[in-house]
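Thanks for coming, everyone; I would like to take a few minutes to walk through one model together. Please have the sequence and the structure open while I talk.

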Amino acid sequence: MLPTGDAARRQADAEDDRAVRQTLAGDAQAFGALVERYGSRVIAICARVAGDSYEDAQDVAQEAFLRAYTNLGKYELGRSFFAWLYRIAVNLALNRRTRRPPPALGGPAGALLLGRLGDADPTGQPAAQAERVERGATVARAVAALPPDYATVVALRYGAELDYSEIAATLQLPLGTVKARLHRAKALLRPLLADLEGDVAR
Amino acid sequence: MTLFDRHAAGADADLALEADLQALRLAGRPLPPTFTAAVLADLTPYPSPTKGGEIANVANGSPPLRRRGGGGVRSAWWQGQVAACVLGLLGLAIMLGTADFTGVLTGWWSAADTWLTRFAGDGGNALDLLWSALSAGPATPPASLGLIVGALILALGAGGFLVRSLDWQTT
């Protein structure tokens with residue numbers, strides 16, 4: 001369970017720093033605790049920022065953790081480990097997104113993409129799941145079509161479910177900038193979603 | 001359509017968009033059971049800092065990490081200090097190697113000699129005499145280029161040495 005609230009956040013930061021110290025002292029299992037704590041969100045960030053499937057995003061997330069481990073000596077204790085780690089994941093995902101722009105919607109490739117991006121929750125009911133797959137795929141496509149700065153904020157807010165202050169810490173931006181980007185991203189998303197829904201309907 | 005209708009339609013659109021964006025949620029999913037093990041399998045534990053101080057890294061052939069406070073840093077710090085000393089000595093050599101510096105020293109030496117002679121006789125205005133002699137400098141002003149360049153290099157070296165020493169003390 002990830003912390004909510006300032007006090008819980010500070011406590012979690014202290015625990016993270018302890019785990020970092022233990023890792024640097026030779027205890028690799030301590031790093032495993034960090035992976036357990038932040039793995040889900042790192043995968044979510046990689047999936048939604050890069051526009052990857054959940055399975056592909058796991059590879060990117062694994063690379064993010066490896067990079068964090070390799071550079072653990074550069075992490076400044078007392079800063080937020082989670083923000084440092086998420087920033088690594090965001091940068092890797094953005095690189096991946098740059099290297100592989102999302103394919104255009106329509107035709108078999110579009111249908112394939114919808115299936116790939118849908119990433120249904122395997123615990124869901126079949127009908128509801130299918131609907132959620134379709135909807136999630138459409139929205140993910142629309143987000144993937146946003147400029148990277150806006151797509152990143154949306155991915156962190158809705159894909160990884162970070163709050164505004166966590167996004168600001170991760171992207172090293174003022175809180176107001178984060179809110180403004182999110183607002184602008186939503187304004188851009190409305191027509192994109194309408195277009196995509198029209199394509200899917202056709 | 002009235003203004004109210006447009007506002008209501010906008011609010012509905014916002015709600016619909018918010019609901020759509022909820023479809024992006026992935027963070028709530030449980031971590032795949034093999035994920036942590038897969039990450040850890042790629043890592044080699046950090047060894048403790050060695051006497052030489054380098055923290056060997058670990059992750060698949062990456063170059064060794066150099067951590068602040070570790071011996072790797074200590075080695076780099078000493079190299080920096082040696083470089084600062086060399087810079088300072090170079091500046092001193094330039095100063096001594098030019099006639100400017102020896103001219104200034106000669107002037108000061110003769111002023112001090114005069115002062116000591118006068119002081120042995122009467123100590124009255126000896127300090128005033130020394131001050132005026134030192135501040136006046138040599139009779140002909142030196143070209144000073146070697147003196148200035150040498151002094152600047154010496155200051156850079158000494159300053160670098162001092163700053164790095166203080167930085168080391170505070171970390």
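**Starting at the contact between the chains**

Setting aside residues up to four places away in sequence, Leu31(B) touches Glu36(A), Gly39(A), Ser40(A) and Thr36(B), where two residues are in contact if their C-beta atoms, placed from the backbone, lie within 7 Å. Before I go further, this is a predicted model, in which local features need pLDDT of at least 70, side-chain atom pairs count only at pLDDT 80 or more, and totals for chains, interfaces and linings use all residues. As to naming, residues are numbered from 1 along each chain as its sequence is written, while chains are lettered from A and ligands numbered from 1 in the order in which they are written.

Leu31(B) sits in the loop between α1 and α2 of chain B; helices here are DSSP runs of H or I of at least four residues, strands are runs of E of at least two, and both are numbered from the N terminus. Why is Leu31(B) classed as partly exposed? Because 18 other C-beta atoms lie within 10 Å of Leu31(B), and the scheme calls a residue buried at 20 or more other C-beta atoms within 10 Å of its own, exposed at 12 or fewer, and partly exposed in between, with C-beta atoms placed from the backbone.

Widening the view, the contact takes 31 residues from chain B and 41 residues from chain A. On the side of chain B that touches chain A, α1 (3-22) and α2 (35-41) of chain B each supply at least two residues. Sorted by class, that side of chain B has 21 nonpolar, 5 polar and 5 charged residues, with Ala, Val, Leu, Ile, Met, Phe, Trp, Tyr, Cys and Pro counted as nonpolar, Asp, Glu, Lys and Arg as charged, and the others, Gly among them, as polar.

**Chain A and its core**

Chain A has 9 helices and 0 strands, and of its 202 residues, 43% count as buried. The largest nonpolar core, meaning a set of buried Ala, Val, Leu, Ile, Met, Phe, Trp, Tyr and Cys residues joined through C-beta atoms within 7 Å, holds 65 residues, of which Val42(A), Ile45(A), Cys46(A), Ala64(A) and Ala89(A) touch the most other members. The largest share of this core, 12 residues, comes from helix α2 (residues 28-50) of chain A. To take one of those central members, the residues that Ile45(A) touches, not counting those up to four places away in sequence, include Tyr86(A), Ala89(A), Val90(A), Leu156(A) and Gly159(A).

Helix α1 (residues 6-24) of chain A has 19 residues, which should span 27 Å at 1.5 Å a residue, and its end C-alpha atoms are indeed 27 Å apart; the expected span is 1.5 Å times one less than the number of residues. Within α1(A), Asp16(A), Ala19(A), Val20(A), Thr23(A) and Leu24(A) are buried. These buried residues cover an arc of only 130 degrees around the axis, which puts them on the same side of α1(A), the arc being that of the directions from the helix axis to the C-beta atoms. On the other side of α1(A), Ala7(A), Arg10(A), Gln11(A) and Ala14(A) are exposed, whereas the cover over the buried residues includes α2 and α4 (81-99) of chain A.

Helix α8 (residues 164-171) of chain A is mostly covered, with 6 of its 8 residues buried. Gln172(A), which follows, lies in the loop between α8 and α9 (175-201) of chain A, and has a positive phi of about 55 degrees although it is not a glycine. Is Gln172(A) buried or exposed? Gln172(A) is exposed, because 8 other C-beta atoms lie within 10 Å.

**How far to trust chain B**

Chain B comes to 6 helices and 0 strands, and 13% of its 171 residues count as buried. Its average pLDDT, the predictor's confidence in each residue from 0 to 100, is 70, and 57% of the residues score at least 70. Confidence in chain B is lowest in helix α5 (residues 126-136), at a mean of 64, and highest in α2(B), at 89. Over residues 48-72 of chain B the pLDDT is below 50, although this stretch has 55 contacts in the model beyond near neighbours in sequence. Where pLDDT is low, the predicted coordinates should not be read in detail. For the model as a whole, the scores are ipTM 0.74 and pTM 0.58.
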